[in-house]
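Reader: I have a model open on my screen and some labels to go with it. Could you take me through why each label is used?

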Amino acid sequence: MTSRIPRDSRLRLVRPRPLAAAPRAMNHRRPRRPAPRPPEGTPAPAALAGMARSQLAGAVRVARWADTALGPGRGSAGGDGKATLSDATAERAARDLGLTPAQVRADWDTARLAGLVEVHGDSARPGWRLRAWDRDDSAVLRGWVALFDAWSLAHPEPEDHEPAAVAEVVSAMPQVLSFLQLSAGPVPVPQLLDLLRQRVTELRTERCEIDYAPRPAPVAPEPPDTPLEPLLDWALRALASVGALTYGDGQATLTPLGSWAVWVKLEQICVAAQSPAGNIEQSAEDMLRGCAQLRPNAARAEYRAWLAARPVGSAVTELIGAARGEDALLRGLAFEALRVVGAPAEPEVRAVLGEPALRPYALLWLAEHDGADPEDAHEVLTREEATWLWVDTAAAVADHGEAPMLVRHLESAVQPTVPALLSEVRAVGHPRTVQVLVALAAAHPDPALAKAVRRAAFQVHTGG
């Protein structure tokens, strides 16, 4: 006689599959784009990494000093919570390193911008790039590119200029850098100034709203009324300070590092522009949906290109906003994109730890950012957080995947038995619990197990 008691089916304890794995079973294979080659004459990655190490040697020295002197229980970086080096700490570092306090502060700021050191409140800790500095050329290049992206913060902007004018110049400089990269040699500053004026005028034109009311005659946008010469001088000096170009004798020339970085940015934009959805032009939510069908490497390339086309701060805010939506698939993909952002996203990721729907994703992101092996990062989750993440991932699979994927998803549960899983799923209070259980019951081939899951769904639905 066959027992009608639901079986206590054992679940294999395996590492939870990342949410981004859900759509991969639905992939449509796309022709693989040939790996692009940098312009002729670009040094090999190892040589570029050597240049970056030389450029950031002072920052690395201060970061390693901070690792030793400012670790837990050994001192503090500053008291303002803004990663500003205190006077006492700067003087202490200057004595230890044989530098002036001004040099220490400059190298400290560079180390922060390059992700070599991270400050949390009054304590400093080394970034993952510092740990990998001597053995990983890609970590070195990423650190330098992070500094390159933050060039406008690396050198004090000129005083007595409107913030709007400074912002326009910062927005226009990518086109100036592209021109320098295409020129492959020295370019006179007057020529760069003409290009900057044109680009600033274009930016102002793009901001003009169209007025459909009758008017006597079209009004052309006003030419830039702010003298751009000092702002261009500031921008070129700032880019020179991070090693992106050389500037002097009335001309500017990209360094090999700067030329390579500009090529990388242009290539990222071209990759996104060639995608069917045109992801670079899309909002974060639409971009993530456009990446859902891509393989992991292709999706990361799309994320990088999308991020390269907009300020990091606003991009991170937009990705967090997409993660707060109702679509669990986008939640997981948003945090995959935030992994590409890296250190600049940490403050906003930490800020969402109090939101139940985002907390498990944020904890995993922070664990990996702090150097945990992705295979072990899930260990930072409590049982309840892991269960919430299991239900959220199941919701993504139910909405976007196939029935066999949902059945296989059972294997990633931390609970050893189906009854234990169902009990904890009911207790965790995920808003999609009923839909997930109903979909799992419909998909599972074991009638007894499916019946137990349906019963659990009914109990959650009725509050029993």
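Author: Here is a run through the labels, one by one. Keep in mind that this is a predicted model.

Reader: Fine. What is in the chain overall?

Author: The chain has 22 helices and five strands. Of its 464 residues, 44% count as buried. Among contacts with a separation of 6 or more, 67% are between residues 24 or more positions apart.

Reader: How many aromatic pairs does a search of the whole structure find?

Author: Three. Let's look at two of them, beginning with tryptophan 151 and tryptophan 234.

Reader: What makes the pair of tryptophan 151 and tryptophan 234 tilted?

Author: Their ring centres are 5.4 Å apart, and the limit for a pair is 6.5 Å. The planes sit at 45 degrees; stacked needs under 30 and edge-to-face needs over 60. The angle fits neither of those, so the pair is tilted.

Reader: Where do those two tryptophans sit in the chain?

Author: Tryptophan 151 belongs to helix α7 (residues 151–154) and tryptophan 234 to helix α10 (residues 229–241). With their positions 83 residues apart, the pair links distant parts of the chain. Both tryptophan 151 and tryptophan 234 are buried.

Reader: Why is the pair of phenylalanine 335 and tyrosine 361 called stacked?

Author: Because the angle between the planes is 25 degrees, and under 30 counts as stacked. The centre-to-centre distance is 5.6 Å, which is within the 6.5 Å limit. Phenylalanine 335 comes from helix α15 (residues 328–341) and tyrosine 361 from helix α17 (residues 359–369), 26 residues apart. Phenylalanine 335 and tyrosine 361 are buried.

Reader: On to helix packing. Why is α20 called roughly parallel to α22?

Author: Helix α20 (residues 418–428) packs against helix α22 (residues 447–462) at an angle of about 15 degrees. Angles under 35 degrees count as roughly parallel, so that is the label for α20 and α22. Their axes are 11 Å apart, and α20 passes α22 in a right-handed crossing.

Reader: Which residues make the contact of α20 and α22?

Author: From α20, Val418, Leu422 and Arg426; from α22, Leu449, Ala452, Val453, Ala456, Gln459 and Val460. By class, that is seven nonpolar, one polar and one charged.

Reader: What makes α18 roughly perpendicular to α20?

Author: The axes of helix α18 (residues 383–400) and α20 cross at roughly 90 degrees and come within 9 Å. Since 65 to 115 degrees counts as roughly perpendicular, α18 and α20 get that name. Arg383, Glu384, Thr387, Trp388, Trp390 and Val391 of α18 meet Leu421, Glu424, Val425 and Val428 of α20. Sorted by class, the contact of α18 with α20 has six nonpolar, one polar and three charged residues.

Reader: And how do you know that α2 is roughly perpendicular to α3?

Author: Helix α2 (residues 57–69) and helix α3 (residues 87–97) cross at roughly 110 degrees. The range for roughly perpendicular is 65 to 115, so α2 and α3 qualify. On the α2 side are Arg61, Val62, Trp65 and Ala69, meeting Thr89, Arg92, Ala93, Asp96 and Leu97 in α3. Here the split is five nonpolar, one polar and three charged.

Reader: Back to single residues. Why does tryptophan 260 count as buried?

Author: Its relative accessible area is 14%, and buried means under 20%, so tryptophan 260 is buried. Tryptophan 260 lies in helix α11 (residues 256–273). Leaving out residues up to four places away in sequence, tryptophan 260 touches Thr42, Leu48, Leu141 and Val145. The C-alpha atoms of tryptophan 260 and valine 145 are 9.9 Å apart, with their positions 115 residues apart in sequence.

Reader: What makes aspartate 249 exposed?

Author: The cut-off for exposed is over 50%. Aspartate 249 has 81% relative accessibility, so it counts as exposed. Aspartate 249 is in the loop between β4 (245–248) and β5 (251–254). Its phi is near 55 degrees, a positive value in a residue other than glycine.

Reader: And alanine 184, buried or exposed?

Author: Exposed: at 69% relative accessible area, alanine 184 clears the 50% cut-off. Alanine 184 sits in the loop between α8 (163–183) and β3 (187–188). Phi of alanine 184 is near 55 degrees, which is positive in a residue other than glycine.

Definitions and conventions: Residues numbered from 1 in each chain as written. Predicted model: local features only at pLDDT ≥ 70, side-chain atom pairs only at ≥ 80, totals over all residues. Heavy atoms only, no water. Phe/Tyr/Trp six-rings, centres within 6.5 Å; stacked < 30°, edge-to-face > 60°. Helix = DSSP H or I, 4+ residues; strand = E, 2+ residues; numbered from the N terminus. Buried < 20%, exposed > 50% of the residue type's maximum accessible area, 1.4 Å probe, protein only. Axes fitted to C-alpha atoms, helices over the stretch in contact; angles between N-to-C directions. Parallel < 35°, antiparallel > 145°, perpendicular 65-115°, else oblique. Left-handed = near helix turned anticlockwise from the far one by under 90°. Contact = heavy atoms within 4.5 Å. Nonpolar A, V, L, I, M, F, W, Y, C, P; charged D, E, K, R; others polar.
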